[in-house]
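This report describes how the strands and helices of one protein chain are arranged and where its annotated positions lie. The account begins with the surroundings of selected residues and then turns to sheets and helix packing.

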Amino acid sequence: MNIILLGPPGAGKGTQARRLVEERGMTQLSTGDMLREARSSGTEMGRKVAEVMDRGELVTDEIVIGLIAEKLAGNAGGGFIFDGFPRTLGQADALGALLDRMGQKLDAVIEMRVDDEALVARITARSTCGNCGEVYNDLTKPIPADGKCSKCGGTEFKRRADDNEDSLRQRLMEYYKKTSPLIGYYYAKGDLTGVDGLGEIDEVSGAIKAVLDA
């Protein structure tokens with residue numbers, strides 16, 4: 001099963017992707033992770049990535065599609081979660097064509113819908129464990145009273161520098177400008193299903209599970 005998680009920054013895509021990896025054995029394909037892995041791999045594709053990044057240029061869609069093709073060829077049994085790709089209509093077309101060529105398909109596109117004001121309030125209260133990445137929130141899931149991560153016991157917590165209101169509103173604007181056309185694109189194809197991204201983590205997981213098991 002291959003799926004795309006859509007939603008603005010802070011909607012919880014990463015948290016839900018980790019759940020799907022743990023519970024369904026899926027493989028999360030994060031553009032950033034793939035680029036970093038390729039750069040240090042020593043392969044021909046890795047050398048291309050390193051050259052582009054060393055010049056301070058943006059990696060082309062062609063290279064990213066090439067990296068995705070390599071991952072798909074590995075044929076992970078649980079399927080793939082596309083995280084951070086596609087971001088544009090051109091990338092969506094390229095991904096669809098790649099899946100067709102490889103005899104695979106996109107099974108679901110899940111849009112994590114959020115209210116912007118509620119999202120800003122949630123994200124500006126967010127922190128993560130510096131060791132395992134477990135997410136905490138001052139309002140809904142505060143750091144344990146003993147100062148230790150409930151998942152790994154770590155004691156260092158951090159907030160993203162861009163998890164402030166001005167920066168987040170700018171990131172939201174960029175998302176809606178560049179990525180929101182994908183919602184219409186996948187709706188027209190009949191692939192899109194929306195879930196409430198502002199629910200509790202377990203509630204959102206349950207909604208996504210219902211979509212995938214339908």
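Two residues are in contact when they have heavy atoms within 4.5 Å of each other. The model discussed here is predicted.

**The small sheet and the cysteine sites**

Three strands form an open sheet in the order 6-5-7, with antiparallel pairing. Strand 6 (135-137) and strand 7 (157-158) are the edge strands, each pairing on one side only. Strand 5 (residues 126-129) is joined to strand 7 by two bridges, and these two strands run antiparallel. Within strand 7, K158 is the bridge partner of T128.

An unreviewed UniProt entry annotates C129, C132, C149 and C152 as "binding site". These positions are spread over 24 residues of sequence, yet they cluster in space, the largest C-alpha distance being 8.7 Å.

C129 is found in strand 5. With residues up to four places away in sequence not counted, C129 touches E134, Y136, C149, C152, E156 and F157. Two of the other annotated cysteines, C149 and C152, are thus included among the contacts of C129. C129 has a relative accessibility of 2% and therefore counts as buried, the cut-off being under 20% relative accessible area.

C132 is placed in the loop between strand 5 and strand 6. Its relative accessible area is 32%, so C132 is partly exposed; this class lies between the limits for buried, under 20%, and exposed, over 50%. Leaving aside neighbours within four places in sequence, C132 is in contact with C149, K151 and C152.

**A second annotated set**

For "binding site", the unreviewed UniProt entry also lists G10, A11, G12, K13, G14, T15, R126, V135, Y136 and G199. Two of these positions, R126 and Y136, are described here in more detail.

R126 lies in strand 5. Apart from residues up to four places away in sequence, R126 touches G10, V135, Y136, N137, R159, R160 and D163. Among these contacts, G10, V135 and Y136 also appear in the annotated list. R126 is buried because its relative accessible area is 17%.

Y136 has its place in strand 6. Which residues does Y136 touch, not counting residues up to four places away in sequence? They are A125, R126, S127, C129, K141, P142, I143, P144, C149, S150, K151 and F157. Y136 therefore touches R126 of its own annotated list as well as C129 and C149 of the cysteine set. At 1% relative accessibility, Y136 counts as buried.

The table gathers the accessibility of the residues treated individually in this report.

| Residue | Relative accessible area | Class |
|---|---|---|
| C129 | 2% | buried |
| C132 | 32% | partly exposed |
| R126 | 17% | buried |
| Y136 | 1% | buried |
| T179 | 7% | buried |

**The parallel sheet**

Five strands form another open sheet, in the order 2-3-1-4-8 and with parallel pairing. Its edge strands are strand 2 (27-30) and strand 8 (192-196), each of which pairs on one side only. From one strand to the next, the twist averages 25°. Five bridges join strand 4 (residues 108-113) to strand 8, and the two run parallel. L192 of strand 8 is the bridge partner of V109. Helix 1 (residues 13-24) packs on this sheet, where it touches strand 1 (2-6), strand 2, strand 3 (80-83) and strand 4. The direction of helix 1 makes about 160° with that of strand 1.

T179 lies in the loop between helix 7 (165-178) and helix 8 (181-188). Without its neighbours within four places in sequence, T179 is in contact with L6, R87 and E174. T179 is buried, its relative accessible area being 7%.

**Packing of helix 2 on helix 3**

Two packed helices are described by the angle between their axes and the distance between the axes. Helix 2 (residues 31-39) and helix 3 (residues 44-54) pack at an angle of about 105°, with their axes 7 Å apart. The two helices are therefore roughly perpendicular to each other, since angles of 65 to 115 degrees fall in that class. Helix 2 contributes L35, A38 and R39 to the contact, while helix 3 contributes G46, V49, A50, M53 and D54. By character, the residues of this contact divide into five nonpolar, one polar and two charged.

Definitions and conventions. Residues numbered from 1 in each chain as written. Predicted model: local features only at pLDDT ≥ 70, side-chain atom pairs only at ≥ 80, totals over all residues. Heavy atoms only, no water. Pairing = 2+ DSSP bridges. Helix = DSSP H or I, 4+ residues; strand = E, 2+ residues; numbered from the N terminus. UniProt positions renumbered as here; feature names shortened; annotations may be inferred. Buried < 20%, exposed > 50% of the residue type's maximum accessible area, 1.4 Å probe, protein only. Axes fitted to C-alpha atoms, helices over the stretch in contact; angles between N-to-C directions. Parallel < 35°, antiparallel > 145°, perpendicular 65-115°, else oblique. Nonpolar A, V, L, I, M, F, W, Y, C, P; charged D, E, K, R; others polar.
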